[in-house]
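Visitor: I should be grateful for a close look at a single part of this model. Please describe the part you choose in detail, together with what surrounds it.

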Amino acid sequence: MVDVRGVHKTFGPLEVLRGVDLRVREGEVTVILGPSGSGKSTLLRTINHLEKVDRGWISVDGELIGYRRSGNKLHELKEKEVAKQRTNIGFVFQNFHLFPHLTVLENLVEAPVSALRRPRRQAEETARRLLARVGLADKADVYPRRLSGGQQQRVAIARALALEPKVLLFDEPTSALDPELVGEVLDVIKDLAGTGTTMIVVTHEIGFAREVADSVVFMDGGVVVEQGPPADVLDNPRQERTRAFLSKVL
C-alpha cells in the first residue's frame, strides 16, 4: 500500500532524511519510534507530499505521490493534482488542526463536499456515523473550543476517515494531550486497527506499539535503524542504538 524508496530530505544544511526505505502492506499497522529529531514526522509529511522529497520517491497503492514519471525523470504535479492524491491519504496531526469557526459536523463534511463533490446530505450521514464510531455522536453541533483535547483529536480522526482514505497517517496523535486523555484516543486508533485500516503511526507510546503494531520501525539520524515485528524490535532488538533508546523509554 505504501512504498518509500531511497527518500532524502534536506532543510538548509540539515539532512533530515538520509535514504529512507519503508514498505507497508495493505491492512497493516506500522508504528514508527525514535528520538526527537530523528526524521519521523518529516517522513510522514513526505508520504502525502506536505514536504517535497529531494531524492527518491513514494507511492501509495501503486500511484506515485507528488510526481509523474516521464522516462527516467520525475516531474512535479500541480497542486490541484496533489490535493486529489491527498484525499486517499488521511493525516491526523498532533495539534488537531480543526477549523475553529465550524461545528464538529461541519468539520467532517467540508472535505467530502468540496474535494469529492459528495452530496451534503450523504456527507452528513457519513459524518454522524463516524462521530458515533469515535464516541462523539452528541457533539455534532458543538464548536471545537468546547471540546477537550482528547475529544478534538477523536474528531480529527473522524474527519480523516470521512474521505475514506486508503491509508491513515498519525503524527504523534497523543503528544498534545493531558495524560488522562491519552487512553481515549489510543482506544479509537486500536479500534481502527481491528478493522484492517492501513495505518502509519508516529508515537512514543511503546505499549500501544507492542499491542497494535504489525511492524515497528525505529528511526534515528534520518535513517531506519531497525524494523520488524514488535516482539523482535521491542523485546529483542539487534541494534545497539535501538537498545539504548528503549532502555530510556521502557
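Guide: A residue counts as buried when its relative accessible area is under 20%. T46 has a relative accessibility of 2%, and therefore counts as buried. The structure discussed here is a predicted model. T46 belongs to helix α1, which comprises residues 40-47. Leaving aside residues up to four places away in sequence, T46 is in contact with V7, L17, E51, V53 and I58.

The loop between α1 and β4 (55-60) contains H49. The phi angle of H49 is near 65 degrees, a positive value in a residue other than glycine. Most residues other than glycine have a negative phi. H49 is also buried, because its relative accessibility is 6%.

A positive phi occurs again at H97, where the angle is near 55 degrees, in a residue other than glycine. H97 is located in the loop between β8 and α3 (104-114). With a relative accessible area of 46%, H97 is partly exposed.

Strand β8, at one end of that loop, leads to the sheet. Six strands make up this open sheet, with mixed pairing and the order β8-β9-β10-β3-β11-β12. The edge positions are held by β8 (89-92) and β12 (223-228); each has a single partner strand, so one side of each lacks a neighbour in the sheet. On average, neighbouring strands of the sheet are turned by 20 degrees against each other, direction ignored. Strands β8 and β9 (residues 167-171) run parallel and are joined by four bridges. Within this pair, I89 stands opposite V167 of β9. Helix α9, residues 240-249, packs on the sheet and touches β3 (29-33), β11 (215-220) and β12. The direction of α9 makes about 95 degrees with that of β11.

One further residue completes the account. Q152 is part of helix α5, which covers residues 149-161. Q152 has a relative accessible area of 16% and is therefore buried, the limit for that class being under 20%. Apart from residues up to four places away in sequence, Q152 touches F96, L98, P144 and L147. Q152 and L136 are 16 residues apart along the chain, and their C-alpha atoms are separated by 9.8 Å.

Technical notes: Residues numbered from 1 in each chain as written. Predicted model: local features only at pLDDT ≥ 70, side-chain atom pairs only at ≥ 80, totals over all residues. Heavy atoms only, no water. Helix = DSSP H or I, 4+ residues; strand = E, 2+ residues; numbered from the N terminus. Buried < 20%, exposed > 50% of the residue type's maximum accessible area, 1.4 Å probe, protein only. Contact = heavy atoms within 4.5 Å. Pairing = 2+ DSSP bridges. Axes fitted to C-alpha atoms, helices over the stretch in contact; angles between N-to-C directions.
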